[in-house]
Structure formats: structure tokens, C-alpha cells
Amino acid sequence: MADIIDGRAVARELDEQTAKAVQAMVDAGMTRPGLAVVLVGNDPASEVYVGRKIKGCEKTGIRSFEHRLSKNTTQDALLTLIARLNADPEVHGILVQVPLPDHIDTGVVLGAIHPDKDVDGFHPVNVGRLSTGTGGIVPCTPLGVTKLLDTVIDDMTGLDVVVIGKSNIVGKPIAMLLLEREATVTVTHIETKNLSDLCRKADVIIAAAGAPELVKGYWVKPGAVIIDVGITRRKTEDGKVKLVGDVAFDEVQHARAVTPVPGGVGPMTIACLLANTVQAAREAQEGGKAHAFASSEWDLLPDRSMIFDKNDD
Ligand code: NAD
């Protein structure tokens, strides 16, 4: 039987560390870390995610600033709010929940967040820092994946990793993080030929395709480690909704370790968001790496709209 990597337990531990770090900052006379969460409209799934993020803040002692805007909010009004949050010294992290309504350009909005407050790590400046190994804020789900890998693998040097999925928010940043750890990373996608053959040779498989039970038992070599990022909502016969991952979980029990869905990567994403907020707050107040990119330089950037669409591949 494969070991189950318990994402809930790892996330709980990370939350405890985050809460301690917050308390240590307050005890040292620093401003309590603050996260602004912006929700435009009332998409039910987004409401749930925002609620969880606010709850996470309460649990760890981070101040949260909730901004709920009507679905008819104009892009200009949203950009004005972001400019205000960028300038607010009580706000160290800004999270704009996506998807945004169709009349708003997601790329422009996410690109307007100051890179030092971009706790989602999606801003091109942070993407650039990640791909050049020069610090910055790392996207939450990929960061969570590396923390789960840390529980089962001491050293990634030279390991063959196959990442399934090349999105800007999951697949590509995971690949960058693991290249930094000297792994040999193959990034695959919907057009990749012989995906099962590539996976069969891998020491680590990271499935982030959103294709339910794509990774079959025969794709996995004995002793491999599998991280399942995928989440698909599937209706069961009794009308309930079940979350299904990208890995045929029951078929991969010859793996060394595997994450379940739910209870694997999912809980790590919010825990990493909270940890990122504390990192941003500390660096803003101590003048760390993220702060090296001064606000004045940011204001001079010629093209803020170069940000990619968060939902684009
Ligand atoms: P995306 O749709 O932006 O990208 C999917 C990628 O997978 C693409 O590169 C596509 O080419 C590839 N792909 C799709 N089907 C494939 C197939 N059959 N074979 C090989 N490659 C295939 O999705 P995303 O935003 O990167 O998310 C991927 C999955 O991860 C989704 O299920 C999403 O719900 C989940 N997710 C989970 C968390 C979490 O917190 N657990 C966070 C983000 C995303």
C-alpha cells in the first residue's frame, strides 16, 4: 500500500507556524500582517473560497480586509481600489478572487497589484523572479506541492519528475520550483505524445490537468511519488457531488506515496496563501528581498498589462 500524504495535517502544521510568526511580529512591535480579499460579484464557488481565506486569517491572527463589490463594478473602480490597497501600509497582501466578470480584464487587474503585495504570486515580476531563482512570492498551490514533497523526499537532486499540465498558475511554476531543486523536469500537456510512457519512467508524477483519473496504475512505476493537484466535481448516482483527482487512486497503491483528493494539495493552497502574507508583511517591514523592487520603480514600469490571463494556458 502506498503511504497517504496527509495534506490536512501538513496544512495544520503550516498554519501553526504562521500563527507563531504573526505573534512574533506583533510582539516585536511590527504591524500585524494584513490581507485584503477582493470579491467582485457573487459566484457561489468564489464566495466559498473567499470565506475560507477569511477564516484562515482569523485562525492565524492575520488581519483581513474584505472588499465585496457588485458584479457591475467597473474596471476603473476596481483599479482605484487596488491603487488604494497598494498604498495602504496596513495591507501587506492583496488577493483578487477570480474569475472576474467578463467586462473586466483579469490580466490588467492582476497586473495592477504591487508585486510586493501579490500574495498569489501571479504577477509577471514574481513569475520572473521565480524563473530566475531570485526570490519573490511563489504561487500558493505550487508552493504547497513542494511542501508536500518535502514530507516524503529529502533531496530532489537528479530525480525524474513529470508534471502533467502547463498552466501559468500550477504546472509551469511547479516546474520552475523543482528545477531550482536540481530535479530533471518534463512538463507535459494535452498534446504530449506517449504521456503514459513518460510517466512510467518518472520518480515523481505531479498531475495538474483537471482530467479525472487520467493517471492509471500502469503509468506509475513501483516506488514513485505522486502528487495529485487535479480537482473535478463529479455527480454521483445519489445526486451528491464528489471531488475526483487526476489520479486513479485505487490503481496506484504500488507507488511509494500519493496525495488523496480531497485532503491532499487542496488544504495546502490556503495555508500557503497565509504564509505568503506573513512573508510579504515581514519583508515590507524589514526591507527584505521582495522590497528590493521599490514602489517608484514599479510606477515607472511601461507595460503593466503584460500580465497573463490567470485562466489562460
Ligand atoms: P488549466 O485548465 O489551466 O490547465 C490544464 C493543463 O493540463 C493544460 O496545460 C492542458 O494542456 C493539460 N491537460 C488537460 N488535459 C490533459 C490530458 N488529458 N493529458 C495531458 N494534459 C492535459 O488548469 P489549472 O488551472 O492548471 O488546474 C489544473 C487542475 O488543478 C484542475 O483540476 C484544477 O481544479 C486543479 N487545481 C487545484 C488546486 C488546489 O488547490 N488543489 C489549485 C489550482 C488548480
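Helix α9 covers residues 266–286 and holds 21 residues. From its first C-alpha to its last it reaches 31 Å, close to the 30 Å expected at 1.5 Å a residue. The expected span is 1.5 Å times one less than the number of residues in the helix. Helices (H or I, at least four residues) and strands (E, at least two) are DSSP runs, numbered from the N terminus. α9 is mostly covered, with 18 of its 21 residues buried. A residue counts as buried if 20 or more other C-beta atoms lie within 10 Å of its own, as exposed if 12 or fewer do, and as partly exposed in between, with C-beta atoms placed from the backbone. G287 follows α9 and has a positive phi, near 75°.

The model is predicted: local features need pLDDT of at least 70, side-chain atom pairs count only at pLDDT 80 or more, and totals for chains, interfaces and linings use all residues. Residues are numbered from 1 along each chain as its sequence is written.

The protein has ten helices and eleven strands. An automatic or database domain assignment supplies the domain bounds. Domain 1 comprises 22–123 + 268–298, and domain 2 comprises 153–255. The C-alpha centres of domain 1 and domain 2 lie 29 Å apart. Along its principal axes, the C-alpha trace of the protein spans about 55 × 40 × 40 Å. For 313 residues, a compact globule would have a radius of gyration near 20 Å; the protein has 20 Å, which agrees. The radius of gyration is taken over C-alpha atoms, and the globule rule is 2.2 Å times the number of residues to the power 0.38. Of the 313 residues, 45% count as buried. Two residues are in contact if their C-beta atoms, placed from the backbone, lie within 7 Å. Among contacts between residues at least 6 apart in sequence, 72% join residues at least 24 apart.

Helix α6 (residues 140–150) is also mostly covered. Nine of its eleven residues are buried. These are C140, T141, P142, L143, G144, V145, T146, L148 and L149. The buried residues of α6 pack against two strands, β7 and β8, and against the helices α1, α7 (171–180) and α9. V145 lies in α6. V145 counts as buried because 30 C-beta neighbours fall inside 10 Å. Leaving aside neighbours within four places in sequence, V145 is in contact with I174, I206, I227, V229 and V265. V145 and D228 are 83 residues apart along the chain, yet their C-alpha atoms are separated by 9.0 Å.

V26 provides another case, in helix α1 (residues 7–27). V26 has 13 C-beta neighbours inside 10 Å, so it counts as partly exposed. V26 and A36 are ten residues apart along the chain, and their C-alpha atoms are separated by 19 Å.

The ligand is surrounded by 26 residues. Here a residue is near a molecule or strand if its C-beta atom, placed from the backbone, lies within 6 Å of it. G165, S167, H189, I190 and G210 come nearest to the ligand. By class, the shell has twelve nonpolar, twelve polar and two charged residues. Ala, Val, Leu, Ile, Met, Phe, Trp, Tyr, Cys and Pro count as nonpolar; Asp, Glu, Lys and Arg count as charged; the others, Gly among them, count as polar.

Backbone geometry was examined next. Most residues other than glycine have a negative phi, and most peptide bonds are trans. The peptide bond from V98 to P99 is cis, with omega near 5°. P99 sits in the loop between β4 (93–96) and α4 (106–112). The bond from V261 to P262 is cis as well, with omega near 0°. P262 is found in the loop between β11 (257–258) and α9.

Positive phi values occur at N194, near 50°, and at E213, about 55°. Neither N194 nor E213 is a glycine. N194 belongs to the loop between β6 (184–188) and α8 (195–200). N194 is exposed, because 9 other C-beta atoms lie within 10 Å. E213 lies in the loop between β7 (204–207) and β8 (225–228). E213 has 18 C-beta neighbours inside 10 Å and therefore counts as partly exposed.
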